[in-house]
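Open the model in your viewer and keep the selection tool at hand. The stops below go one after another, each with something to select.

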Amino acid sequence: MIRIQEILDKVAANNRDADLEMIQRAYVFAATAHAGQTRLSGEPYLSHPLAVADTLAEMGFDEPTVVAGLLHDTVEDTRVSIEELDERFGEEVADIVDGVTKISLIPFDNKEEAQAENIRKMILAMSHDMRVLMVKLADRLHNMRTLDFQKAHKQRRIAQETMDIYAPLANRLGLHVMKRRLEDLSFKYLRPDISNQIEHWLDNHQVVEKQIIENVVTMIRDLLQSNAIAGQVYGRIKHRYSIYKKMQAQSMTLDEMHDIMAFRVLVKDLKDCYAVLGLVHSQWRPVHGRFKDYISMPKANGYQSLHTTVIGPEGERIEIQIRTEDMHRQAEHGVAAHWLYKEKDRVNSKDLEQFSWLREIFERQRQESDSREFLHALKLDLFKDEVYVYTPAGDVKELPEGATPLDFAFVIHTKVGHHCSGAKINGRLMPLGTELKNGDVVEILTDPARHPNRDWLKIVKTAKARSRIQHYLRTEERAHAVALGRDMLEKEGRKVSLNVGKALKEGHLALVAQDLNFDSVDEMVASVGYAHTTPRRVLNRLYAVLHPETASAAAPPTILESREAATRKTEGVGISGVDGVLMRIAKCCNPVPGDPIIGYISRGLGVSVHQADCPNVNNMEPERLISVHWDGMEEKPYEAGIFIIAKNEHGVLAMIARVMGEGSVNITDIRMDKQVDGRARMHFVVEVRDVAQLYQLIENIRTLPPILEVVRDSENS
């Protein structure tokens with residue numbers, strides 16, 4: 001367990017005039033409040049707030065933030081009140097703790113809604129004081145470090161939320177050290193097979209890689225000294241999740257990967273940055289297209305550095321970052337660096353001009369009533385780097401990487417976006433889906449007769465454009481949804497002898513709408529048209545209204561709906577608060593019990609169940625995505641894919657089959673390709689009970705001597 005003196009030393013190192021006595025008092029107060037409480041690991045609960053405070057002190061935050069880290073759980077988990085904290089430690093500390101506490105104290109109907117609303121409240125709290133988020137990030141980091149003590153399904157849920165929200169938030173705030181730690185910890189639980197494989201590979205190659213790093217560092221230092229440039233040089237292996245992303249992007253195995261070493265040169269002033277860049281390029285051949293100047297064009301979070309990739313010694317690709325010491329401080333600690341230069345003043349979003357994207361998020365959350373849609377839009381904001389393009393008048397507009405002229409049109413004005421009919425990029429007429437590059441000059445062509453259509457959602461990359469298009473489509477499609485819903489109700493009503501048209505005229509449908517918590521009949525009918533509500537649910541309530549004497553006997557189901565209910569049960573998947581809906585496992589990703597999942601409603605085809613991170617989900621209409629869960633009642637097998645690279649030796653297939661048989665796993669399909677290099681690539685489709693059995697099987701196969709690589713097959717699972 002971290003000792004309080006370690007925290008005090010770190011705070012004092014950043015500020016010799018720090019109020020260490022207040023931190024000491026907060027430690028004693030927290031120890032008393034949490035006395036007798038333990039964590040799942042069996043450690044005293046105090047170990048958690050100490051770890052949070054230590055992270056905040058290491059990042060360079062002021063005393064009120066460190067004190068808030070020590071006290072952040074006292075209001076939620078003990079009898080301490082905000083008023084008591086205010087009285088003992090001041091309003092500033094109390095406000096930060098209050099902001100952290102409010103994020104997690106509101107009850108919700110389901111986990112997805114809770115996650116979305118919690119993130120929304122965290123963003124709101126940031127607008128008041130950014131340090132609320134800093135405490136929450138430090139809290140999440142320690143929870144991730146102790147995640148082994150949680151159940152497997154909680155590990156994956158918490159890790160996915162961390163990868164989706166907290167790590168990208170840390171990145172956008174410039175907290176790159178925090179971001180790397182959160183990503184690697186999340187990766188460990190989300191893809192344990194690949195994470196372990198990368199770790200084993202790095203362990204086996206660390207001697208060679210260390211020698212290359214030491215050699216390159218020495219060469220760069222000699223280069224600086226011979227040219228009278230003062231600076232420091234560091235080298236490292238990239239973190240595991242970064243290596244995984246490169247493997248995915250370049251479709252390479254670990255043995256084929258070369259670009260996994262990164263070097264950093266820190267110099268005194270700006271002119272030395274460009275001088276070192278010239279020296280490096282004169283020493284080694286630069287890789288075309290891999291140079292980025294973030295000094296003249298900083299990222300939105302304030303990050304500045306020169307990035308270049310060169311062909312280094314022994315033909316290895318190496319990435320080199322060049323920056324000043326001040327730029328490095330900003331790069332590593334981002335928004336936290338601002339507290340090193342402020343004394344007693346509160347720092348909020350208005351103090352930090354480079355975080356203009358945050359103010360847009362604050363504004364959007366006021367306009368968006370659905371927390372889940374807000375969360376979806378937030379993810380779009382967080383996961384992108386930036387490009388800078390110009391209007392014909394020369395004004396610079398910042399857009400996320402991958403943005404299109406259609407995104408640019410909505411940045412100019414919502415009406416320009418709505419009536420966008422075409423675009424010129426650098427004077428040439430180009431498709432609306434063209435990806436914009438830094439320095440492009442974009443001119444938007446408009447037509448009053450042109451309006452958004454659903455295909456536009458496949459083109460745009462910004463949350464603003466997406467939300468404006470969705471709002472227009474929802475408004476335009478409502479009349480169609482009402483007409484379709486009425487037709488569906490009348491058609492299904494005739495099957496069970498219910499006259500829906502007559503019920504509407506006589507006001508009976510109004511009673512049904514009220515009973516189902518809809519504001520109006522049109523809203524209820526539109527919900528049926530959108531496939532958010534089943535016709536059967538409405539007709540059951542209508543039957544009860546028309547025949548109160550037999551209300552307990554629901555109208556007989558149609559043949560189709562009986563089949564739907566049976567299919568839903570056998571799939572072992574449920575929807576909170578909804579019954580009788582056709583459920584089917586999506587073949588594009590084949591989720592198995594234990595995988596985070598999400599449902600997609602389609603007219604006439606029921607709900608398809610996908611892995612939460614299935615690439616196809618990104619192209620689906622967000623309003624049709626719903627929360628689904630594994631019922632946990634079925635023992636039926638689920639198909640999953642496994643991809644294996646092995647030495648093409650005699651008996652290797654028999655060895656793999658034996659391991660699968662010992663694990664009670666049935667093989668339903670196998671494809672095998674022999675490679676010219678003496679290796680074999682194998683794709684298996686197997687039947688497993690859940691994701692735990694799948695990953696245990698992968699680990700067992702990995703122990704076989706001929707096996708070079710084994711992972712879950714993304715094409716089949």
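## Salt bridges, cores and a buried aspartate

Start by selecting Arg-541, which counts as partly exposed because its relative accessibility is 31%. The model is a predicted one. Add Asp-515, also partly exposed, at 44% relative accessibility. Arg-541 and Asp-515 form a salt bridge, with the closest N and O atoms 2.9 Å apart. This pair links distant parts of the chain, 26 residues apart: Arg-541 belongs to helix α24 (residues 535-546) and Asp-515 to helix α22 (residues 508-515).

Next, select Lys-495 and Glu-492. Their side chains meet in a salt bridge of 3.2 Å, N to O. Both residues lie in helix α20 (residues 463-495), 3 residues apart, about one turn of the helix. Lys-495 is partly exposed at 48% relative accessible area, whereas Glu-492 counts as buried at 12%.

Now go to Lys-10 and Asp-54, whose side chains form a salt bridge of 2.8 Å, N to O. Lys-10 is in helix α1 (residues 4-14) and Asp-54 in helix α3 (residues 47-59), so the pair ties together parts 44 residues apart in sequence. Asp-54 is buried at 8% relative accessibility; Lys-10 is partly exposed at 27%. Add Glu-58 and Arg-181 to the selection to show a network of salt bridges linking these two residues with Lys-10 and Asp-54. The structure holds 23 salt bridges.

For the nonpolar interior, select Leu-71, Leu-85, Phe-89, Ile-198, Val-265 and Ile-320. In the largest nonpolar core, of 100 residues, these touch the most other members. Helix α12 (residues 192-226) supplies the largest share of this core, 11 residues. Centre on Leu-85: beyond its neighbours within four places in sequence, its contacts include Phe-29, Leu-71, Val-80 and Val-97. Another core, of 33 residues, lies apart from the largest one; among its members are Met-583, Ile-585, Ile-656 and Ile-701.

The last residue to select is Asp-713, in the segment after β21 (707-712). Which side chain of opposite charge is nearest to Asp-713? That is Arg-671, 4.7 Å away; Asp-713 is buried yet has no salt bridge. The side chain of Asp-713 does make a polar contact of 2.9 Å with that of His-683. Not counting residues up to four places away in sequence, Asp-713 also touches Gly-641, Ile-642 and Phe-643.

Finally, zoom out to the whole protein, which has 27 helices and 21 strands. Of its 717 residues, 52% count as buried. The protein exposes about 33,600 Å², with carbon and sulfur atoms supplying 49% of it.

Conventions
Residues numbered from 1 in each chain as written. Predicted model: local features only at pLDDT ≥ 70, side-chain atom pairs only at ≥ 80, totals over all residues. Heavy atoms only, no water. Core = buried A, V, L, I, M, F, W, Y, C linked by side-chain atoms within 4.5 Å. Buried < 20%, exposed > 50% of the residue type's maximum accessible area, 1.4 Å probe, protein only. Helix = DSSP H or I, 4+ residues; strand = E, 2+ residues; numbered from the N terminus. Contact = heavy atoms within 4.5 Å. Lys, Arg positive; Asp, Glu negative; His and termini not counted. Salt bridge = Lys/Arg side-chain N within 4 Å of Asp/Glu carboxyl O. Polar contact = N/O pair within 3.5 Å; in protein donor to acceptor, adjacent residues only side chain to side chain. Areas by Shrake-Rupley, 256 points an atom, 1.4 Å probe, with all protein chains shown as cover.
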